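Here is a chain to get to know. Let's take a stroll through the model, starting with the overall layout and then looking inside.

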Amino acid sequence: MPKQPLALVPDLEAELDELFALPPADFTAARNDLARRLKEAGRSDAAAEVKQLRKPTVPVWAVNQLVRRNRDEVNALVE
């Protein structure tokens with residue numbers, strides 16, 4: 001029985017969140033895999049957009065990790 005296309009990428013927003021949580025060294029391979037799965041699911045426009053995402057710089061990645069792990073403290077600091 002063929003796979004349902006949605007099963008390839010059940011929740012694009014969650015997939016993108018996970019993508020940007022990865023270490024920078026893992027970003028490109030994971031991005032390309034996500035783009036491939038989107039294309040296989042018939043979502044070529046989304047695949048093209050994902051393929052254009054750039055790997056975050058180390059400082060941007062570090063701030064992202066800080067917010068992910070210490071959201072309340074970062075919010076308090078910003079306020």
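How many helices and how many strands does the chain have? The chain has six helices and zero strands, where helices (H or I, at least four residues) and strands (E, at least two) are DSSP runs, numbered from the N terminus. Reading from the N terminus, the order is simply α-α-α-α-α-α.

Before going on, a word on the ground rules. This is a predicted model, so local features need pLDDT of at least 70 and side-chain atom pairs count only at pLDDT 80 or more, while totals for chains, interfaces and linings use all residues. Residues are numbered from 1 along each chain as its sequence is written, and side-chain values use heavy atoms, with hydrogens and water left out.

**The chain as a whole**

Of the chain's 79 residues, 25% count as buried. Here, buried means under 20% relative accessible area, exposed means over 50%, and partly exposed is in between (1.4 Å probe, protein chains only). About 5900 Å² of the chain is exposed, with carbon and sulfur atoms supplying 56% of that; the areas come from the Shrake-Rupley method with a 1.4 Å probe, and for residues only the protein chains shown count as cover. As for contacts (heavy atoms within 4.5 Å), take those between residues at least 6 apart in sequence: 58% join residues at least 24 apart.

**The core and helix H3**

Which residues make up the largest nonpolar core? There are eleven: Val9, Leu12, Leu16, Leu19, Phe27, Leu34, Ala35, Leu38, Ala46, Ala47 and Val50. H2 (12-21), H3 and H4 (44-51) each supply at least two of them, and H3 gives the most, with four. A nonpolar core is a set of buried Ala, Val, Leu, Ile, Met, Phe, Trp, Tyr and Cys residues joined through side-chain atoms within 4.5 Å.

H3 covers residues 24-40, 17 residues in total, and reaches 25 Å from its first C-alpha to its last, close to the 24 Å expected. That expected span is 1.5 Å times one less than the number of residues. Its buried residues include Arg31 and Arg37 alongside Leu34 and Leu38. Leaving aside residues up to four places away in sequence, Leu34 touches Val9, Leu12, Glu15, Leu16 and Val50. After H3 comes Gly42, whose phi is positive, near 80°.

**Helix H4**

H4 buries Ala46, Ala47 and Val50. These three sit on the same side of H4, because they cover an arc of only 100° around the axis, taking the directions from the helix axis to the C-beta atoms. They pack against H2 and H3, whereas Asp45 and Glu49 are exposed on the other side of H4.

**An aromatic pair, and some accessibilities**

The structure holds one aromatic pair. Phe20 and Phe27 form it, tilted, at 5.2 Å centre to centre with 50° between the planes. Rings of Phe, Tyr and Trp (its six-membered ring) pair if their centres lie within 6.5 Å; planes under 30 degrees apart are stacked, over 60 edge-to-face, the rest tilted.

Here are a few residues compared by relative accessible area.

| Residue | Relative accessible area | Class |
|---|---|---|
| Phe20 | 24% | partly exposed |
| Phe27 | 0% | buried |
| Asn32 | 28% | partly exposed |
| Pro10 | 59% | exposed |

Pro10 lies in the loop between H1 (5-8) and H2. Although Pro10 and Leu38 are 28 residues apart in sequence, they are 9.9 Å apart in space, C-alpha to C-alpha.
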